[in-house]
Amino acid sequence: MDKDRIAGATKDFAGKVEGAAGDIAGDAKTQASGRAKEAAGTMQNLYGQAKDAARDAGEAAVNYAKDAYDNRGEVLRDGSKAMARTVQDNPLGALLVAGGIGFALALLMTRQPRRPPPRWRYYG
């Protein structure tokens, strides 16, 4: 729990008490001051909640990245086993896919021949 949440809850409670005291005494200035403290406490509490949520999200992302890094070998092995199983089950389909990828790469890597610039004849 963040210290802003604790301080905000304290201010919120103090503002409610002051506002209630102003209501009982009939003092508008005390009521307004209590409502202002209550609003400030609520905002500080929300700020603390946002900080907690951001910290938790950051920690979760770090933990996810660490788990992914630790399990990288297993994922690679599982992927290669799945690929080998797919090729064994359907060799013709795998051959067609590999040929299509090779053809697409060949098209991307070849360049159109350069054409000479057009020659303009100026008769003037």
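Helices and strands here are DSSP runs, a helix having at least four residues and a strand at least two, numbered from the N terminus. The model is predicted.

**Exercise 1. Fold outline**

Task: State how many helices and strands the protein has, and in what order the elements run.

Solution.
- Step 1. Count the elements. The protein has 4 helices and 0 strands.
- Step 2. Read them from the N terminus. The order is α-α-α-α.
- Step 3. Place two of them on the chain. Helix α1 covers residues 3-25. Helix α2 covers residues 28-70.

**Exercise 2. Overall form**

Task: Compare the radius of gyration of the protein with that of a compact globule of 124 residues.

Solution.
- Step 1. Take the reference. A compact globule of 124 residues would come out near 14 Å.
- Step 2. Take the model. The protein has a radius of gyration of 35 Å.
- Step 3. Add the spans. Along the principal axes, the C-alpha trace covers about 95 × 70 × 20 Å.
- Step 4. Check burial. Of the 124 residues, 11% count as buried.
- Step 5. Check the surface. About 10,600 Å² is exposed, and carbon and sulfur atoms supply 63% of that area.
- Step 6. Look at the contacts. Take those between residues at least 6 apart in sequence; 60% of them join residues at least 24 apart.

**Exercise 3. A bridge between two helices**

Task: Find which helices the salt bridge of Lys51 and Asp4 links, and classify both residues as buried, partly exposed or exposed.

Solution.
- Step 1. Check the distance. The cut-off is 4 Å between a side-chain nitrogen of Lys or Arg and a carboxyl oxygen of Asp or Glu. Lys51 and Asp4 meet at 2.9 Å, N to O.
- Step 2. Locate the partners. Lys51 sits in helix α2 and Asp4 in helix α1, so the pair links distant parts of the chain, 47 residues apart.
- Step 3. Apply the burial cut-offs. Buried means under 20% relative accessible area, and exposed means over 50%. Asp4 has 13%, so Asp4 is buried. Lys51 has 29%, so Lys51 is partly exposed.

**Exercise 4. Bridges within a helix**

Task: Work out what separates Lys16 from Asp12, and what separates Asp52 from Arg55.

Solution.
- Step 1. Take helix α1. Lys16 and Asp12 form a salt bridge, their closest N and O atoms being 3.8 Å apart. These two residues are 4 apart in the helix, so about one helical turn separates them.
- Step 2. Add burial. Asp12 is buried at 17%. Lys16, at 43%, is partly exposed.
- Step 3. Take helix α2. Asp52 and Arg55 meet in a salt bridge at 2.9 Å, N to O. The spacing is 3 residues, so again about one helical turn lies between Asp52 and Arg55.
- Step 4. Add burial here too. Asp52 is buried at 8%, while Arg55 is partly exposed at 38%.
- Step 5. Extend the picture. Arg5, Asp52 and Arg55 are linked in a network of salt bridges.

**Exercise 5. Charges in total**

Task: Give the number of salt bridges and the numbers of positive and negative side chains.

Solution.
- Step 1. Count the bridges. There are 7 salt bridges.
- Step 2. Count the charges. The protein carries 19 positive and 15 negative side chains.
- Step 3. Place the two sets. Their centres lie 18 Å apart.

**Exercise 6. One alanine**

Task: Describe where Ala57 lies and how far its C-alpha atom is from that of Ala20.

Solution.
- Step 1. Ala57 belongs to helix α2.
- Step 2. The relative accessibility of Ala57 is 47%, so Ala57 counts as partly exposed.
- Step 3. Ala57 and Ala20 are 37 residues apart along the chain, and 38 Å separates their C-alpha atoms.

Key: Residues numbered from 1 in each chain as written. Predicted model: local features only at pLDDT ≥ 70, side-chain atom pairs only at ≥ 80, totals over all residues. Heavy atoms only, no water. Buried < 20%, exposed > 50% of the residue type's maximum accessible area, 1.4 Å probe, protein only. Rg over C-alpha atoms; globule rule 2.2 N^0.38 Å. Contact = heavy atoms within 4.5 Å. Areas by Shrake-Rupley, 256 points an atom, 1.4 Å probe, with all protein chains shown as cover. Lys, Arg positive; Asp, Glu negative; His and termini not counted. Charge placed at Lys NZ, Arg CZ, Asp CG, Glu CD.
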